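Here is a short briefing to read alongside the structure. Keep the viewer open and follow the topics one by one.

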Amino acid sequence: MARKLFRLGLFTARHRWIVTAAWIVAVIALVASFRAFGGNTSNNLELPGTDSQAATDLLSERFPPQQYGSNPIVFHTRDGRVTDAANEEAIKSSHQAIKALKHVYSAPSPYGKKHASQISKDKRTAFIPVLLDVGSADLTEHIASSVLDAAAPARKAGMQVAAGGSIGSELSEPETESSEVVGLTAAMIILAFTFGTLVAMGMPILSAIFGLLAGLSLIGLLANVAPVPSIGPTLATMIGLGVGIDYALFLVSRYRSERAEGRPIDEAVATAVATSGTAIVFAGSTVVIALVTLFIAGIPLVTTLGYSAAIAVVTAVLASITWLPALLSIAGRHIDSLRVPAFLRPAAKPPGAGAWAAWGRFVTRHPWRCIAITMTILLPLIVPVFSLELGQEDVGATPKSTTERTAYDLMATGFGVGYNGPLIVGVELGTPAKPDPEVVQQLKRAKSLQAKLESEQQQGEAEAAQLSNQADALEAEQASLEDQQAALEAQGAALGAQRAKLERQRDELATRRTLRRQLDELVADAKPIARRGAKLATEEAELHARLGALREIEDRIRNRLAQADRPRERDRLERRLAAVQSRQAALRTELSQVREARNANELRARKVAQQATRLREQATALGKQGKALASAAGAAALEAFTLGQSKQELDQAAAEAQVQAANLQTQQAELETEQQKAKSQQKKAEQLQDELTKELTRAGGDKKATDPRLVKVQKGLSRTSGVDLVSPPQLNRAGDAAVFTVIPTTAPAATETADLVTTVREYVIAQSTAGTDVEAHVGGTTASYVDLAAGISDRLMLVIAAVVGLGFVVLTTAFRSVVVSTQAAIANVLSVTAAFGVVTLCFQEGWGIGLVGLDTASGTDPIASFVPLIMFAVLFGLSMDYQVFLMSQIEQHRAGASDEREAIGAGLAAGGKVIAAAALIMISVFASFILNGDPTVKQFGVGLSVGVALAALSVLALAPAILVLAGRGSWWVPEWADRWLPHVDIEGAHVSETSE
């Protein structure tokens, strides 16, 4: 290989302008092709053979395009409610604008009767689930921004608008330019200190940038063939930029060494390509092999990420061994131009002097101390790995300035955090769904009962109206009777007063008549006195009779008073009772007067004799007065008779009114009984209707969704702990498939949500579908990530074994040593595992998570399930790079060293500086991506930068210490392997032959 690479280096040096032009044209062509034909990145998870993929396939086949998932456009108002007239009108206008867009398949309005759940309980937040007819692979920024821009009416109304789902992700992809600038700046500073000249510093930068441009363009074109995750180009940029600068650093360092030894420019370039270039090819091959080996996982996402990163590594290697030599040849002796200030340049030191030579001596003299120091650093960092949990990407950890994080937070606050990661339960039915016969029968019964109740209600209302009219008429008649009664009572009172006056006048006339008779009797005869006495007795009897009649009237009034219940009637009866009692008192007085008159008649009989003449004259006058009085008494008697008749008629009318009132009360009671019965029936009907409504609501208004098989699945899901809401089933036209949307109570990235997915699959669905022809699958983004984590967990050890095994074979082939390959595998595994521990502490446990720029509600961030797997492949390959460069230096010095210790020390002194500089550059590049807003990129940034630092520690301390302890055994290889292994001239031992 060294000879071929020597020829390649010599060709590029001699045809430097052609090679340079070819590279420039090729990169421009690739970039132009990518701009014209490059595909979009996609976050769709394809996981063949998993339950979530089965659910996605069911949606794609039976419910297209629901397999792409909905994208919530969220509206939030801080002042007022979304149901206020102005806000509602703005959201409706936004809804109409969104529906009119080209790629919008459906967008239910939050103000529809069936979509009331799209408005939060506090009425401050609403969302429109937008379903597009394109997936994330075909979703462009133009399409995504057009949907969000269509919500301008709501934004103008003062509402906050944000987009989630694929639309939000497309509009929230973080820019990597700042990370790249920081990484490149740090690399330039390190290279400037390492080389001491700006021209030499610029060579690795140019090589890495052109290699990266070519790699990213090829990855963009690859997206047309295979789905490339959105993080793929970013990961490729991190790795491609890091290895591109490192590989160029090794080659430029070797070129400057060859020039320092006096070799001509072309030969120095060819020799550097033959020596360091061979190491670069082997190092790059180990990285590529490690990345490509990820296909063993059988997960398209992981495989594509591996391929993407491998492409960037390949283009970095090609740029380092083709274009970089051409640049070195063009620069020629000017490679050392534009020197940095002397105090910043590395000072020239004689062989065996300097810090790295001292470190080489320390390692060779104290190997156990170096091993102890390394293990003291690595082992504590490995401990957290035992609590490592594979999770999923958490939108809740993305920058708050992005629209997808805003939508996530608004949905979590307004509806619940589970709305950000619903589970999709796809159900396949062996036979098409049919309405539940019992529900259909109950529905018919409810309709019949409702019609009957409506008829009876109408009849009852008519009867109630008739009774009301009768009651009003009766009350009017009663009021009239009371008025007549009052008038009669007033007339009776006046008549009583008149009678009392007449009686007084009559008493006076009677007294005078008695005197006249007494005088006549005294004068004429004693018979008139006797007749007078008889007449007085008759009058007394009449008075007694009248008193008896009044007592009877008093008794009747008292009886009516006892029965009366209305205050007005009682007042009237009490007044009549007082009048009767007054008349009784007057009659008693009159009776007493009659008795006194009789006694006086007897007394005066003896005294009136002398007045006889005068009394006769008076008798004549009294006779005339008596006639007039008799006439007035007759008229009063007639009036009293008339009043009595009127009173009887009034009493009869009142009695009839009371009978009618009693009848009305009876009818009213009967009507109230009927109404009570109707209410009871109405309540039963409403209960039945409510049960049917709930049943149909759970079925989404589709009678076929009341199929007992679907109801059983829905009830099982609803009763599961950790489930907040289960949507009604959505059936396809054929009725042989249905979809449920399950809203968890926990966040998509929460461990409890992953446990819920397992519970639903293993228990709920199993029990709900037992004994039926139903097959159900749990899908959705959350379930897909659960399956991804499970798939990675199942294949992680297999991938690790394959990567380690292939790396072992490559290193054994390169250096023909079992010890070198074994220690490299062990050291690399330890450093990578320790890097896992740091990632676990930082993100899963939340130690210093704020320092990496993450702000989450829980103070932690789940580790994306594919991060450890990709990290292992990348770090193992990069660690092998340093192993290859160090071992090549050690092997180069073995021929001129007295023993193994001297060779190891010399190799460390020669290669330590370059390896350390390369590690610092790689660390700076990887660490710069911590500035990226994507939480997963931050995890890669932390893990890879720490991993490279630990790998460099292992290579510069642990590896040489083990070789020192192994002594000559370090280069032992079994005889059978020595025969089979090819001889690889990794340091160009035969380059001189080729040059000659």
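Let's begin with Gln581: beyond its neighbours within four places in sequence, Gln581 is in contact with Glu554 and Arg558. Please keep in mind that this is a predicted model. The chain has 996 residues, of which 48% count as buried, and contains 28 helices and eleven strands. Among contacts in the chain with a separation of 6 or more, 80% join residues 24 or more positions apart.

**Gln581 and its surroundings**

- You will find Gln581 in helix H18, which covers residues 567-604.
- With Glu554, the contact includes a polar one: the two side chains meet at 3.2 Å.
- Ile553 sits 28 residues away from Gln581 along the chain, and the C-alpha atoms of the two are separated by 9.7 Å.
- Is Gln581 buried or exposed? Neither label fits, because its relative accessible area is 32%, which makes Gln581 partly exposed.

**Two glutamates, in H10 and H11**

- Glu258 belongs to helix H10 (residues 231-260), while Glu267 belongs to helix H11 (residues 265-292).
- Glu258 has a relative accessibility of 4% and therefore counts as buried.
- Not counting residues up to four places away in sequence, Glu258 touches Arg263, Ala268 and Thr271.
- Glu267 has a relative accessible area of 24%, so Glu267 is partly exposed.
- Between the C-alpha atoms of Glu267 and Tyr255 there are 9.4 Å, with the two residues twelve apart along the chain.

**Thr398 in a loop**

- Look for Thr398 in the loop that runs between strand S5 (390-391) and helix H15 (403-414).
- Thr398 counts as buried because its relative accessibility is 9%, and the cut-off for buried is under 20%.
- Which backbone oxygen does the side chain of Thr398 reach? The partner is the backbone oxygen of Val395, at 2.5 Å.
- Once neighbours within four places in sequence are set aside, the contacts of Thr398 are Glu404, Arg405, Gly933 and Pro935.

**Where H14 meets H26**

- Helix H14 (residues 367-382) and helix H26 (residues 935-966) have axes that come within 9 Å and cross at roughly 140 degrees.
- This crossing of H14 and H26 is left-handed.
- On the H14 side, the contact residues include Trp368, Ile371, Met375 and Leu378, and on the H26 side they include Leu953, Ala957, Leu958 and Ile962.
- What kinds of residues make up the contact of H14 with H26? They divide into 16 nonpolar and two polar, with no charged residues.

**Nonpolar cores**

- As background, nonpolar side chains tend to be buried together in soluble globular proteins.
- In this model, the largest nonpolar core has 155 residues, and the members that touch the most others are Ile245, Phe866 and Phe940.
- Helix H24 (residues 866-894) supplies the largest share of this core, with 18 residues.
- A separate core lies apart from it and has 27 residues, among them Val104, Ala126, Ala151 and Met159.
- Phe940 offers a good view of its surroundings: leaving aside neighbours within four places in sequence, Phe940 is in contact with residues including Ile231, Leu235, Met238 and Phe866.
- The contacts of Phe940 also include Val867, Ile870, Met871 and Ser945.

How values were computed: Residues are numbered from 1 along each chain as its sequence is written. This is a predicted model: local features need pLDDT of at least 70, side-chain atom pairs count only at pLDDT 80 or more; totals for chains, interfaces and linings use all residues. Side-chain values use heavy atoms; hydrogens and water are left out. Axes are lines fitted to C-alpha atoms, for helices over the stretch in contact, and angles run from 0 to 180 degrees between N-to-C directions. Helices (H or I, at least four residues) and strands (E, at least two) are DSSP runs, numbered from the N terminus. A crossing is left-handed if the near helix is turned anticlockwise from the far one by less than a right angle, and right-handed if clockwise. Contact means heavy atoms within 4.5 Å. Ala, Val, Leu, Ile, Met, Phe, Trp, Tyr, Cys and Pro count as nonpolar, Asp, Glu, Lys and Arg as charged, and the others, Gly among them, as polar. Buried means under 20% relative accessible area, exposed over 50%, partly exposed in between (1.4 Å probe, protein chains only). A polar contact is a pair of N or O atoms within 3.5 Å; within protein, one must be able to donate a hydrogen and the other to accept it, and residues adjacent in sequence count only if both atoms are side-chain atoms. A nonpolar core is a set of buried Ala, Val, Leu, Ile, Met, Phe, Trp, Tyr and Cys residues joined through side-chain atoms within 4.5 Å.
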